[in-house]
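Please open the model in your viewer, show the backbone as a cartoon, and keep side chains ready to be switched on by selection. The stops below are meant to be taken in order.

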Amino acid sequence: MHKPLRIAAVAAACAVAGAALYGAGAATAGQSTANSTHEPYNIGLLVKDIDTYYGTAPDANGVYQASPSGPYAKDLASIDKAARKYIDQAARKAVRKGEKPAVVFDIDDTLLLSLDYEKRYNYTYNSATWAAYVNKADRPAVFGSPELVQYAEQKGVEVFYNSGLAEAQRSAAVENLKKVGADVNLDADHVFLKNAAAPPSYLSGCATRGTWTCTTVQYKSGTRRHIERDLGYEIIANFGDQYSDLEGGYADRTYKLPNPTYYVG
């Protein structure tokens, strides 16, 4: 499943992200609320700001790509540098304490970039077009993220994936991750996807067979809790493009990757 709270008209959802990540001219938090008396940030200008932030341009095949030298790429490089330094230190510290260090990655727009889908469908979500897009398994990598996965493994850190993609999309997700070089621990014991039909017992508080009421935070934090308490790992870092990927605890440090194209509460 794609990010479940995508808003068809992106103005309200993206204004906050645009303000935080792009800056000049972006709407304030007050302007983005439903009860505001101020005119919201213009959606056409917001899209231009998003394009500028990513350096969005079609490649030779007409696929929209982000610029490797634009503001988005620079922000990612800064996060990557800090994360590498921390992982190196935290992994050695965990081993000295007799712990098994682990890192957790979201997939959509943390490892695999969905910019072409967002741009092509004007920042709207449709379950059928999204499923078809995911199943093509040819999304490009988020700059630096597959290399960070490889780096963590090299430092002796166990890599896990915690995604809102549906269980039915597992093969496509794994194929795509392999293509971009995030080919580490892509088995079912390490790749956690949303299985609404047969949810795991550790999510029994909000999901039972055929009934799923878990919020994103409940699902993701519940999975991290399982990794720590049931599997015995110490999650030293958790990476995601949404705050809901990161909230709920069970990680020593969190890293929020930029994504001004949609919001998941």
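How many residues does helix α2 have, and how far does it reach from its first C-alpha to its last? Select residues 43-54: helix α2 has twelve residues and reaches 17 Å between those two atoms, close to the 16 Å expected at 1.5 Å a residue, where the expected span is 1.5 Å times one less than the number of residues. Helices, here and below, are DSSP runs of H or I with at least four residues, strands are runs of E with at least two, and both are numbered from the N terminus.

Before going further, note that this is a predicted model, in which local features need pLDDT of at least 70 and side-chain atom pairs count only at pLDDT 80 or more, whereas totals for chains, interfaces and linings use all residues. Residues are numbered from 1 along each chain as its sequence is written, and side-chain values use heavy atoms, with hydrogens and water left out.

**The ends and buried residues of α2**

Stay with α2 and select Asn-42 together with Gly-44: at the start of the helix, a side-chain oxygen of Asn-42 comes to within 2.9 Å of the backbone nitrogen of Gly-44. This is a polar contact, meaning a pair of N or O atoms within 3.5 Å, of which, within protein, one must be able to donate a hydrogen and the other to accept it, while residues adjacent in sequence count only if both atoms are side-chain atoms. After the helix comes Gly-55, with a positive phi near 70°. Now colour Leu-46, Val-47, Asp-49, Ile-50, Asp-51, Tyr-53 and Tyr-54, which are the buried residues listed for α2; buried means under 20% relative accessible area, exposed over 50%, and partly exposed in between, with a 1.4 Å probe and protein chains only.

**Aromatic pairs**

Next, show the aromatic rings; a search of the whole structure finds 14 aromatic pairs. Select Tyr-53 and Tyr-72, whose rings form an edge-to-face pair, 5.9 Å centre to centre with 65° between the planes. Because Tyr-53 lies in helix α2 and Tyr-72 in helix α3, this pair ties together parts that are 19 residues apart in sequence. Both Tyr-53 and Tyr-72 are buried. Rings of Phe, Tyr and Trp (its six-membered ring) are paired if their centres lie within 6.5 Å, with planes under 30 degrees apart counted as stacked, over 60 as edge-to-face and the rest as tilted. Add Tyr-54 and Phe-143 to the selection, and you have the cluster that ring pairs form from Tyr-53, Tyr-54, Tyr-72 and Phe-143.

**The largest cavity**

Keep Phe-143 selected, since the next stop includes this residue: the largest cavity is lined by Leu-76, Ile-79, Asp-80, Ala-83, Phe-105, Thr-110, Phe-143, Gly-144, Ser-145, Leu-148, Phe-239 and Leu-257. A cavity is a set of points on a 1 Å grid over the protein atoms alone where a 1.4 Å probe fits but cannot get out, and lining residues have an atom within 4 Å of a point. The search of the whole structure finds one cavity of 30 Å³ or more, and about 80 Å³ of space lies in the largest cavity, the volume being the space filled by probe spheres set on the grid points, which are joined across faces, edges and corners.

Colour α3 (71-96) and α6 (145-154), each of which supplies at least two residues of this lining; the largest share, four residues, comes from α3. By class, the lining has eight nonpolar, three polar and one charged residues, where Ala, Val, Leu, Ile, Met, Phe, Trp, Tyr, Cys and Pro count as nonpolar, Asp, Glu, Lys and Arg as charged, and the others, Gly among them, as polar.

Centre the view on Asp-80, which lies in helix α3 and is buried, with a relative accessible area of 16%. Then add Tyr-255, which is 175 residues from Asp-80 in sequence and 9.3 Å from it in space, C-alpha to C-alpha.

**Around α4, and two loops**

Move to helix α4 (residues 115-120) and select Asp-116, found in that helix and buried at 8% relative accessibility. Asp-116 and Val-63 are 53 residues apart in sequence, yet 6.1 Å apart in space, C-alpha to C-alpha.

In the loop between α4 and α5, select Asn-122, a residue other than glycine with a positive phi, near 55°, and exposed at 53% relative accessibility. Compare Asn-185, in the loop between α7 (170-180) and β5 (191-194): Asn-185 has a positive phi of about 50° although it is not a glycine, and is partly exposed, with a relative accessible area of 23%.

**Last stop: α8**

Finish at Thr-223 in helix α8 (residues 216-230), which counts as buried at 0% relative accessibility. The side chain of Thr-223 reaches the backbone oxygen of Tyr-219 at 2.8 Å.

Notes:
On a 1 Å grid over the protein atoms alone, a cavity is a set of points where a 1.4 Å probe fits but cannot get out, and a pocket is an open set with protein on both sides within 12 Å along at least five of seven lines; lining residues have an atom within 4 Å of a point.
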